[in-house]
Amino acid sequence: MKKSLLIAAFALLYVVADAQVQTPQASPPGAVSTTVGLTEVKIEYSRPRVKGRKIFTTDASALVPYGKIWRTGANNGSRISFSDDVKVEGTSVPKGEYLILTWPGAAEWTVSLYKDINLGGDLDKYDASKDAAKFKVKPEKLSEKVETLTFNIGDISDDSKTAKVQLAWENTSIKFSVAVDYDAKVMKSIETATAAAKVEPNTYFQAALYYLENGKDLKKAQTWINKAAEANPNAFWVLHQKAKIEKALGDKTAAAAAANASLKAAKEANNRDYQVMNEELLKSLK
């Protein structure tokens, strides 16, 4: 009996010692990520709140006084990572993870992508030789107050080759550009996929479309789109791209034939979007 009571007592002590009170964090963790081209861009950070304080001003008592280095967030600062080599504001940056350090100012900010992510908030040990990229950006005033520090990755271009990283807090926003280059990776994948023993029709279609949209060898694109169309003779989306390739090659007769075939198939499928696109394409061939 005594042994059982002793075991129960130790168990109770363990539960009490292990119990922890959970409360909301003053600066909760946040993360944002997206794919630009074929490159993953990710930001992990801690999100301080304004809480009625002065943030970006010339006042020395401000939380982030102008001209002083800032860890750009709370706790150990903010980190940005790239899955491939990129260019940030025109500077080549190898794939990897970096701290985002900033020097806010009224007319311009200086931004550093810092190699030593272990620096954290120990900014007295900042070493300029460890900057992977350092550049200046213009701040913008926000019409609405942002209470909690927020990062965003947006403004992705139509060709998915560039994007903008935005920081917004209090009444201030800054942005900087990230440019990616995926052509070599795509070309290698096309070369491998189209040389396989068995090639799916959609592989030919995707390869032809990439060649068309990126100014590659149109004769090769024509060969691939023809193979895709032969395998799917009623695929209006394939026939439409075939028409565009024929037009780019200067063969209006072949382009019109493919566009009419695509239009007919689109009507049968009740696809209004491709009907309109083919009608516009046929007009451009007259």
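**Aromatic pairs, salt bridges and a helix**

Q: Where do Tyr211 and Trp224 sit, buried or exposed?
A: Both Tyr211 and Trp224 fall in one class here. This is a predicted model, and the cut-off to keep in mind is under 20% relative accessible area. On that scale, Tyr211 and Trp224 are both buried.

Q: How many aromatic pairs does the structure hold, and what is the geometry of the one formed by Trp70 and Trp109?
A: The count of aromatic pairs comes to 13. For Trp70 and Trp109, the ring centres are 6.3 Å apart and the planes stand at 70°. Planes over 60 degrees apart earn one particular label, so the Trp70 and Trp109 pair is edge-to-face.

Q: How many residues apart in sequence are the parts that Trp70 and Trp109 tie together?
A: Trp70 belongs to the loop between β4 (64-65) and β5 (78-82), while Trp109 is in strand β9 (residues 109-114). The pair therefore links parts whose separation in sequence is 39 residues.

Q: What is the relative accessibility of Trp109?
A: Trp70, its ring partner, is buried with a relative accessible area of 8%. Trp109 counts as buried too, and its relative accessibility is 1%.

Q: What angle lies between the planes of Tyr211 and Trp224, and which helices do they tie together?
A: Tyr211 and Trp224 make an edge-to-face aromatic pair, 4.9 Å centre to centre, with 75° between the planes. Tyr211 lies in residues 201-213 and Trp224 in residues 218-231, so the pair ties together parts 13 residues apart in sequence, namely helix α3 and helix α4.

Q: Which residues form one aromatic cluster?
A: Trp70 and Trp109 aren't on their own as a twosome. The cluster consists of Phe56, Trp70, Trp109 and Trp169.

Q: Which ring has the charged end of Lys134 over it?
A: The charged end of Lys134 is 4.5 Å from a ring centre. That ring belongs to Trp103.

Q: How far apart are N and O in the Lys54 and Asp59 salt bridge?
A: Opposite charges on side chains can pair when the charged atoms come close. Lys54 is partly exposed at 48% relative accessible area, and Asp59 is also partly exposed, at 29%. Their side chains meet in a salt bridge with an N to O distance of 2.9 Å.

Q: Which helix does Lys216 reach through its salt bridge with Asp183?
A: The closest N and O atoms of Lys216 and Asp183 are 3.1 Å apart. Lys216 is in the loop between α3 and α4, so its bridge ties together parts 33 residues apart in sequence, with Asp183 in helix α2.

Q: About how many helical turns separate Glu246 and Lys242?
A: Glu246 and Lys242 form a salt bridge, with 3.2 Å between the closest N and O atoms, and both are buried. They are four residues apart in helix α5 (residues 236-248), which means a separation of about one helical turn.

Q: What span should the 14 residues of α4 have?
A: The end C-alpha atoms of α4 are 20 Å apart. At 1.5 Å a residue, the expected span agrees with that, because it also comes to 20 Å.

Q: Which elements are among those covering the buried residues of α4?
A: The buried residues of α4 are Ala221, Gln222, Trp224, Ile225, Ala228 and Ala229. What covers them includes α2, α3 and α5.

Methods. Residues are numbered from 1 along each chain as its sequence is written. This is a predicted model: local features need pLDDT of at least 70, side-chain atom pairs count only at pLDDT 80 or more; totals for chains, interfaces and linings use all residues. Side-chain values use heavy atoms; hydrogens and water are left out. Rings of Phe, Tyr and Trp (its six-membered ring) pair if their centres lie within 6.5 Å; planes under 30 degrees apart count as stacked, over 60 as edge-to-face and the rest as tilted. Helices (H or I, at least four residues) and strands (E, at least two) are DSSP runs, numbered from the N terminus. Buried means under 20% relative accessible area, exposed over 50%, partly exposed in between (1.4 Å probe, protein chains only). A charge sits over a ring if NZ of Lys or CZ of Arg is within 6 Å of the ring centre and within 35 degrees of the ring normal. A salt bridge is a side-chain nitrogen of Lys or Arg within 4 Å of a carboxyl oxygen of Asp or Glu. The expected span of a helix is 1.5 Å times one less than its number of residues. Contact means heavy atoms within 4.5 Å.
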